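Hi everyone, thanks for making time for this. I'd like to walk you through one model, starting with how its helices pack and then moving on to its pockets. Here it is on the screen.

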Amino acid sequence: MQFTNPDYNHFLLDQGLFGWVYKILTPIEWLMSEIMYWFHKLMTLIGLPSRGLSWIFAIVFLVLVVHAIILPMYIKQMRGMMKMQALQPKLMHIQKKYKGKKDPASREAMARETQKLYSDSNYNPAGSCLPMVIQGPVFMCMFYLLSAIPYIAHGSRETLGAFDKATALEFADTHLFGLKISNTFGMANASGKIVIGIFTVLMCLAMWYMQFNNMRKNLPPAQMEGQQYKIQQMMTWVFPLMYIFSAVSMPFAVLVYWLTNNICNMLRSLWQVREFPTPGSRADDEKKKRDHINENKRREKAGQISLEEEALQKAEEAAKIREEHGYQREQPKRKRKKKK
């Protein structure tokens with residue numbers, strides 16, 4: 001195997017602050033390398049070549065495993081956000097009550113009432129942030145592992161988990177669409193550059209659509225105006241474009257991981273908008289209509305009346321009661337004070 005540009009004698013992620021952080025995360029990197037290695041073994045057992053699609057599928061499988069592991073935490077995070085949104089009116093009431101009061105006693109009272117509200121509602125503000133905090137290191141380790149393999153194959157970095165030099169050489173020599181997965185944009189030939197370009201465009205499209213769909217369907221009308229909304233719209237285009245600069249310097253294996261990860265994120269986001277919409281948003285209206293139709297179907301199967309028929313029945317009963325009482329409104333009776 002020939003090693004040309006970039007400089008495989010200096011692995012940037014092993015140096016400075018990056019090196020310190022990734023050293024702490026070594027157990028997770030080790031576990032990920034073992035998952036990839038054994039899934040690759042399974043692929044070769046069913047007949048795939050050891051240098052080829054078996055390693056590509058191993059990358060895809062690793063991404064899917066990580067997303068499956070964090071899915072329960074993600075659902076918990078979504079439910080926590082919905083609970084937080086439901087508490088917003090009560091929180092705003094507390095904030096309004098103590099608005100402008102900056103003395104220690106008022107601030108303490110405000111904190112105490114806020115904490116009581118969380119406690120009575122069985123809501124933990126830190127609980128909704130925890131899954132997000134956990135996801136970061138996991139995806140950092142995936143990025144590190146795929147970036148380190150070419151350096152292990154070169155011999156300038158020591159073994160990492162299941163990836164000794166022989167295994168790393170086999171991985172780095174894998175081809176997809178005629179492009180070696182250890183190659184960067186600068187190392188690829190003309191057709192390889194086109195493949196990297198297509199992968200980069202697909203990565204950008206997946207990320208852009210995820211953000212676009214969130215803004216289009218999951219924002220209440222009141223939040224779709226003003227300077228902050230314009231900044232959000234601008235970031236919808238800026239974040240995907242940042243991939244272009246990163247994709248040029250990364251090995252193709254990392255792009256396979258990024259594309260798979262972005263597609264998983266997009267699908268998860270579409271599901272989130274559908275099942276956990278922001279109250280008052282367009283997605284929330286669509287969910288209410290969907291739930292209404294599903295409830296009518298359930299009632300039809302159970303031989304029960306539909307929601308519309310139930311509403312009509314209640315209206316007729318209310319009209320009948322009004323007719324029987326001659327449309328007379330009952331006047332409130334004043335309680336007489338007892339004579340002392």
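Let's begin with a pair of helices: H2 passes H3 in a right-handed crossing. Before I go further, please keep in mind that this is a predicted model. H2 covers residues 26-45, and it packs against H3 at an angle of about 130°, with the two axes 8 Å apart. That angle makes H2 oblique to H3.

Who is touching whom here? On the H2 side, the contact is made by Met-32, Ile-35, Met-36, Tyr-37, Phe-39, His-40, Met-43 and Thr-44. On the H3 side, you'll find Ser-54, Trp-55, Phe-57, Ala-58, Ile-59, Phe-61, Leu-62, Val-65 and Val-66. Sorted by class, this contact of H2 with H3 has 14 nonpolar residues, three polar and no charged.

Now follow H3 along to its other partner in this talk. H3 runs over residues 53-97 and H4 over residues 104-120; their axes come within 10 Å and cross at roughly 160°. So H3 is roughly antiparallel to H4, as an angle over 145 degrees counts that way. H3 passes H4 in a right-handed crossing. From H3, the residues involved are Met-84, Leu-87, Lys-90, Leu-91, Ile-94, Gln-95 and Lys-97, and they meet Met-110, Glu-113, Thr-114, Leu-117 and Tyr-118 in H4. The class split for the contact of H3 with H4 is seven nonpolar, two polar and three charged.

One more pair before the pockets. The axes of H8 and H9 come within 11 Å, crossing at roughly 155°. These two helices are therefore roughly antiparallel to each other. Tyr-243, Ser-246 and Ala-247 of H8 make the contact with Leu-255, Trp-258 and Asn-262 of H9. Of the residues in this contact of H8 with H9, four are nonpolar, two are polar and none is charged.

On to the pockets, which I suspect some of you have been waiting for. How much space lies in the largest pocket? The volume comes out at about 770 Å³. Its lining has 24 residues, and those nearest the centre of the largest pocket are Met-78, Met-81, Asn-214, Asn-218 and Gln-272.

Which helices build that lining? H3, H5 (125-154), H7 (190-217), H8 (227-249) and H9 (252-275) each supply at least two residues to the lining of the largest pocket. H3, which we have already met twice, gives the largest share, with six residues. As for chemistry, the lining of the largest pocket has 10 nonpolar, 13 polar and one charged residues.

The second largest pocket holds about 400 Å³ of space. It is lined by 14 residues, with Phe-139, Tyr-243, Asn-261, Asn-262 and Asn-265 nearest its centre. Two or more residues of this lining come from each of H5, H7, H8 and H9. H9 gives the most to the lining of the second largest pocket, with six residues. The classes here are nine nonpolar, four polar and one charged.

Here is a nice link back to the helix packing. Tyr-243 and Asn-262 are among the residues nearest the centre of the second largest pocket, and both also take part in the contact of H8 with H9.

That's my tour, and I'm happy to rotate the view and take questions.

Conventions:
Residues are numbered from 1 along each chain as its sequence is written. This is a predicted model: local features need pLDDT of at least 70, side-chain atom pairs count only at pLDDT 80 or more; totals for chains, interfaces and linings use all residues. Side-chain values use heavy atoms; hydrogens and water are left out. Axes are lines fitted to C-alpha atoms, for helices over the stretch in contact, and angles run from 0 to 180 degrees between N-to-C directions. Helices (H or I, at least four residues) and strands (E, at least two) are DSSP runs, numbered from the N terminus. Angles under 35 degrees count as roughly parallel, over 145 as roughly antiparallel, 65 to 115 as roughly perpendicular and the rest as oblique. A crossing is left-handed if the near helix is turned anticlockwise from the far one by less than a right angle, and right-handed if clockwise. Contact means heavy atoms within 4.5 Å. Ala, Val, Leu, Ile, Met, Phe, Trp, Tyr, Cys and Pro count as nonpolar, Asp, Glu, Lys and Arg as charged, and the others, Gly among them, as polar. On a 1 Å grid over the protein atoms alone, a cavity is a set of points where a 1.4 Å probe fits but cannot get out, and a pocket is an open set with protein on both sides within 12 Å along at least five of seven lines; lining residues have an atom within 4 Å of a point. Grid points are joined across faces, edges and corners, and a volume is the space filled by probe spheres set on the points.
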